[in-house]
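Student: Could you take me on a close look at one part of this structure, the metal site and what surrounds it? I would like to see how the pieces fit together.

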Amino acid sequence: MSKVTWPHQEAKRLRSLVSEQPMIFETGYGPSGLPHIGTFAEVARTTFVMKAFKEAFPDAKVRLIAFSDDMDGLRSLPENIPNHDKLRPFLGMPLSSIPDPFGQSASFADYMNGQLKLFLDSYGFEYEFHSSTQSYQSGIFDNGLKRVMDHYTQIRKIFVSTISKDKREAWSPFFPICAACGKIYTTRVVDIDPENYTLTYHCDQNAAAFKACGHQGTTPITGGKVKVGWKIDWALRWYTFGVNYEMYGKDLISSANMASKICAILGGKPPVLYKYELFLDENGAKISKKIGNGISMEQWVKYSPLGGILNFLLANPNKARQMGLPILPKIVDEYIDNRHKESAENPQSHCWFIEASHLEKSDLSYNVLANVAQNLSLRDASLLYKYALRYDPSIAHNAQFFQTLCDKVIAYVQDYEAQLPKEALVIDTSYTQYMPELIQIITETENFNDLEGEKIQALLFLIPKKYELNQREWFKFLYSVLLNKEKGPRLGPFLGILGKDVVLSMLHKISV
Ligand SMILES: [Zn+2]
């Protein structure tokens, strides 16, 4: 049995629901911000469960609904979106009624939905995209909306018990869109007509960032004129699509409980739910976009093989996991270790989650490579790979994997070091004239790769001795151009580790 058991356990929990009908999995997306690590994590983990389910019940069908809550109103200006001046007049309106601030799509929501699809497609996820706005406007939700009206008293009773007393009287499950100003969060329901499925509202609720227009109107609750509050919206979705399985973050426990109750009131069967812990940074603090801690999706993709994040997400989601740039090497090494173990002990276990290729045992880790690149100031991934080959020639059997790993390590070290304070290097370029001669000396040293470090060190003294150069300045020059530092490891042994070809290619770059 594989170490990874939770997707299989989740698949078992769905056993009693297996039927001729497809098993419906859902993930939700809030399009007021761009897709991020949380979006990826939720879709990836749901996909793990779907795969485990398909393995356990090969004849069963599955569908993954990626639902975008794009009829939600924009309450504040999103930090990672430009052109705030263009957006400000539309605050309080549904995202699908707001022009695209990037000027590329029909609406803000369309742009964001497009970004979500691009994002999910780029990782090869299989899903069906559903837009909230389209679901409301096309009438798919009409039946469920009528049921909310039919069970108004019952829903109201369980809901208001969870909110403060002063808000209870004004509470309504319905959020009509004002026919005059188009805003959704400025309206207040003053009367409902369950016979005709209509309601009457006043647009008189001012917020700090947007104002009500004073309009008063009556509207049908169907056809996209009225949205329901989000916990009810969640239940409406489960009821309408027959969702069987959904994951949610620990911060949404009470919402998920409420939505389950309402789904049952509507006449639906609430889905099997799975609560996951939130991510923490390397210091145990909650990850926040404002602080920028943790590891963003862009950083994951830039610094780690995709398997690194998938492996990270495969660990038990019920345990809070730490992720931060300082511990990224450790996280990627867990992935590399797992791949060694999986291929050695149990080739059929969880490989199907990530990559199926065989990875031979090696001591070479992300951490070692990052240290080498950092301490030797290597900025060339092919150079780092050559170093790695000298360290462990067997990695040549997985050349592609380790070459990619070196690319990622170099990107990581480069960006990570860029954050550290820099010393301004003054390079005395007059020494460049001696490069062709140094290249010649090394080229003519047939047994360079077999020489001891001190013998190579002696070779480096030939030029300053011959031309009576300041030896300290000469080495300072060599460190500056080879390592981008004024000082470094003893050069002879270091160049010995790099080997003749690597040293020559580095020196050729300088002499150009
Ligand atoms: Zn209005």
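Tutor: Happily! Let's begin with a word we need: donors are N, O and S atoms within 2.8 Å of the metal. Keep in mind that this is a predicted model.

Here the metal is a zinc ion, and its protein donors are the SG atoms of Cys 178, Cys 181, Cys 203 and Cys 213, which lie 2.2 to 2.3 Å from the zinc ion. Along the chain, these donors follow the spacing C-x2-C-x21-C-x9-C. Two of them link distant parts of the chain: Cys 181 sits in the loop between strand E4 (174–176) and strand E5 (187–193), while Cys 203 belongs to strand E6 (residues 198–203), 22 residues apart.

Now for the geometry. The four donor atoms subtend angles of 104 to 114° around the zinc ion, so the arrangement is tetrahedral. As for Cys 203, this residue counts as buried because its relative accessibility is 0%, and the cut-off for buried is under 20%.

Strand E6 also leads us to a sheet. Three strands form this open sheet in the order E5-E6-E7, with antiparallel pairing. The edge strands are E5 and E7 (216–220), each of which pairs on one side only. On average, neighbouring strands of the sheet are turned by 25° against each other, direction ignored.

Looking at one pairing in detail, E5 and E6 are joined in the antiparallel sense over six bridges. For Asp 191, the bridge partner in E6 is Thr 200. In general, strands of a sheet pair through backbone hydrogen bonds, either parallel or antiparallel.

Terms used
Residues are numbered from 1 along each chain as its sequence is written. This is a predicted model: local features need pLDDT of at least 70, side-chain atom pairs count only at pLDDT 80 or more; totals for chains, interfaces and linings use all residues. Side-chain values use heavy atoms; hydrogens and water are left out. Donors are N, O and S atoms within 2.8 Å of the metal (3.2 Å for Na, K and Ca); water is not among the atoms, so sites may look incomplete. Four donors count as tetrahedral if all angles lie between 85 and 135 degrees; four count as square planar and six as octahedral if opposite donors are over 155 degrees apart and all others between 65 and 115; anything else is irregular. Helices (H or I, at least four residues) and strands (E, at least two) are DSSP runs, numbered from the N terminus. Buried means under 20% relative accessible area, exposed over 50%, partly exposed in between (1.4 Å probe, protein chains only). Two strands pair if DSSP finds at least two bridges between them. Axes are lines fitted to C-alpha atoms, for helices over the stretch in contact, and angles run from 0 to 180 degrees between N-to-C directions.
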